[in-house]
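Open the model in your viewer and keep the selection tool at hand. We will go from the whole chain to its sheets, then to some helices and two single residues.

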Amino acid sequence: MSTIPQGLPPVAELVDGRPDQDQAGLSHLVEGDELDLSHNVILYLEGITVSFDGFKALNKLALTIDAGELRCIIGPNGAGKTTMMDVITGKTRPDRGKAFFGQTLDLTRMSEPEIAHAGIGRKFQKPTIFENHSVFDNLELAMKIDKRVRRSLFSAIDDETRDRIADTLTQIRLQDAADRPAGLLSHGQKQWLEIGMLLMQDPRLLLLDEPVAGMTDDETARTGELFKSLAGKHSLVVVEHDMAFIEQLGGTVTVLHEGSVLAEGDLATVQNDQRVIEVYLGR
Ligand SMILES: Nc1ncnc2c1ncn2[C@@H]1O[C@H](COP(=O)(O)OP(=O)(O)OP(=O)(O)O)[C@@H](O)[C@H]1O
Ligand SMILES: [Mg+2]
């Protein structure tokens, strides 16, 4: 294990095998703590503003995602889509506004590891997999670095873990590639593997930023099927520019523009919105 991909904990934390569960501040997030979904809302953003040198990347952004929902976010370059994900995951602090995970977890007061630990998984555009390790080992490792589970990196794999890995391999259509080094997978397969690694940590909310960029049409369609199969059990927020893919997903579409919501509704509704056509679709 010579290289640790971005987004994974540093080596010391990995080999220690005892991730920072005991860290002060995590006491309200101990394993078994149920996310409060009493109003069926998993994510609530209100009045979120983020300024970079006076420029408002997000401007009073409001967004509500229901539990189990598959939401698509579209909008022109620079609209604030990635910045929104940065706020949700704690990478960027908003200047003002509310951000809640379920009814009770205030994301603006939580660190990035705390937010990941609470059940928000994020997929970046560049896959962060261990290229020299097999597909199977990547999934196993993803589970072992799950901060909710106290487990040594070097402990033997149990039957339950083996079953979960097998299920995930089937979900991401890599069951025939389990023993292949991850570095030999196609671009699309690497993206699926990274999604599988997120799934091993059983996130409640998955944030996916341009997940089908660079995929073939066939890989894109299969990714759409995967996301649709994940909705319900998980909530998904998908940022994409690929309109055929958005159409396949079929959920509610939110259009961001200049850091705010410009329009929201089913795809046909936002596609026929004159303001959306002007700033995005008509270009
Ligand atoms: N760290 C930063 N410092 C300064 N400006 C930033 C920073 N991050 C983002 N921005 C600016 O904020 C605006 C929103 O960027 P963001 O990356 O959120 O857009 P996006 O909707 O994801 O666009 P794209 O579709 O191109 O990915 C852009 O004008 C960008 O240049
Ligand atoms: Mg972006």
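How many helices and how many strands are there in the chain? Colour by secondary structure and you will find ten helices and ten strands. Keep in mind as you look around that this is a predicted model.

**The whole chain**

Start with everything selected. The chain has 283 residues, and 37% of them are buried. Now think about contacts between residues with a separation of 6 or more: 69% of these join residues 24 or more positions apart.

**Stop 1: the six-stranded sheet**

Select β6, β7, β8, β3, β9 and β10, which lie in that order in an open sheet with mixed pairing. Which strands are at the edges? They are β6 (120–123) and β10 (260–265), each of which pairs on one side only. Look along the sheet, and you can follow a twist that averages 20° from one strand to the next.

Next, zoom in on β3 (residues 70–74) and β9 (residues 253–257). These two pair in the parallel sense over three bridges. To see one pairing in detail, show Cys 72, whose bridge partner in β9 is Val 253.

Stay with β9 and add β10 to the selection. In which sense do β9 and β10 pair? Here the sense is antiparallel, over five bridges. Label Val 255 and you will see Ala 263 of β10 standing opposite. The hairpin of β9 and β10 has two residues between the strands, and Glu 258 takes a positive phi near 50° there.

Before leaving this sheet, bring in helix α10 (residues 274–281). Helix α10 lies across β3, β9 and β10, and runs at about 120° to β10.

**Stop 2: the four-stranded sheet**

Now select β2, β1, β4 and β5. In that order they form an open sheet, this time with antiparallel pairing. The edges are held by β2 (55–66) and β5 (105–106); each has a single partner strand, so one side of each is left without a neighbour in the sheet.

Inside this sheet, pick out β1 (residues 41–52) and β4 (residues 96–101), which run antiparallel and are joined by five bridges. Show Thr 49 and look across to β4, where Arg 96 stands opposite.

Which helix lies across β1, β2 and β4? Select α2 (residues 81–88), and check its direction against β2: the two run at about 65°.

**Stop 3: α4 and its two helix partners**

Hide the sheets and show α4 (residues 135–144) with α6 (residues 187–199). They pack at an angle of about 30°, with their axes 8 Å apart. That angle makes α4 roughly parallel to α6, since angles under 35 degrees count as roughly parallel. The crossing of α4 and α6 is right-handed. For the side chains, display Val 135, Asn 138, Leu 139 and Ala 142 on α4, which meet Leu 193, Gly 196 and Met 197 on α6. The residues of this contact of α4 with α6 divide into five nonpolar, two polar and no charged.

Then swap α6 for α5 (159–171). The axes of α4 and α5 come within 10 Å and cross at roughly 120°, which makes α4 oblique to α5. The crossing of α4 and α5 is right-handed. Which residues make this contact? From α4 come Phe 136, Leu 139, Glu 140 and Met 143, and from α5 come Thr 161, Ile 165 and Thr 168. The residues of the contact of α4 with α5 divide into four nonpolar, two polar and one charged.

**Stop 4: two loop residues**

Follow the loop between α5 and α6 to Ala 178. Ala 178 counts as partly exposed because there are 15 C-beta neighbours inside 10 Å. Not counting residues up to four places away in sequence, Ala 178 touches Ser 134, Val 135, Phe 136 and Leu 169. Try a distance label to Leu 139 as well: the two residues are 39 apart along the chain, and their C-alpha atoms are separated by 9.4 Å.

For the last selection, go to Glu 69 in the loop between β2 and β3. Is Glu 69 buried or exposed? Glu 69 is buried, with 20 other C-beta atoms within 10 Å. Leaving aside neighbours within four places in sequence, Glu 69 is in contact with Ala 231, Ser 235 and Gly 251. Finish by selecting Lys 233, which is 164 residues from Glu 69 in sequence and 9.0 Å from it in space, C-alpha to C-alpha.

Key. Residues numbered from 1 in each chain as written. Chains lettered and ligands numbered in written order. Predicted model: local features only at pLDDT ≥ 70, side-chain atom pairs only at ≥ 80, totals over all residues. Axes fitted to C-alpha atoms, helices over the stretch in contact; angles between N-to-C directions. Parallel < 35°, antiparallel > 145°, perpendicular 65-115°, else oblique. Left-handed = near helix turned anticlockwise from the far one by under 90°. Contact = placed C-beta atoms within 7 Å. Nonpolar A, V, L, I, M, F, W, Y, C, P; charged D, E, K, R; others polar. Buried ≥ 20, exposed ≤ 12 C-beta atoms within 10 Å, placed from the backbone. Pairing = 2+ DSSP bridges.
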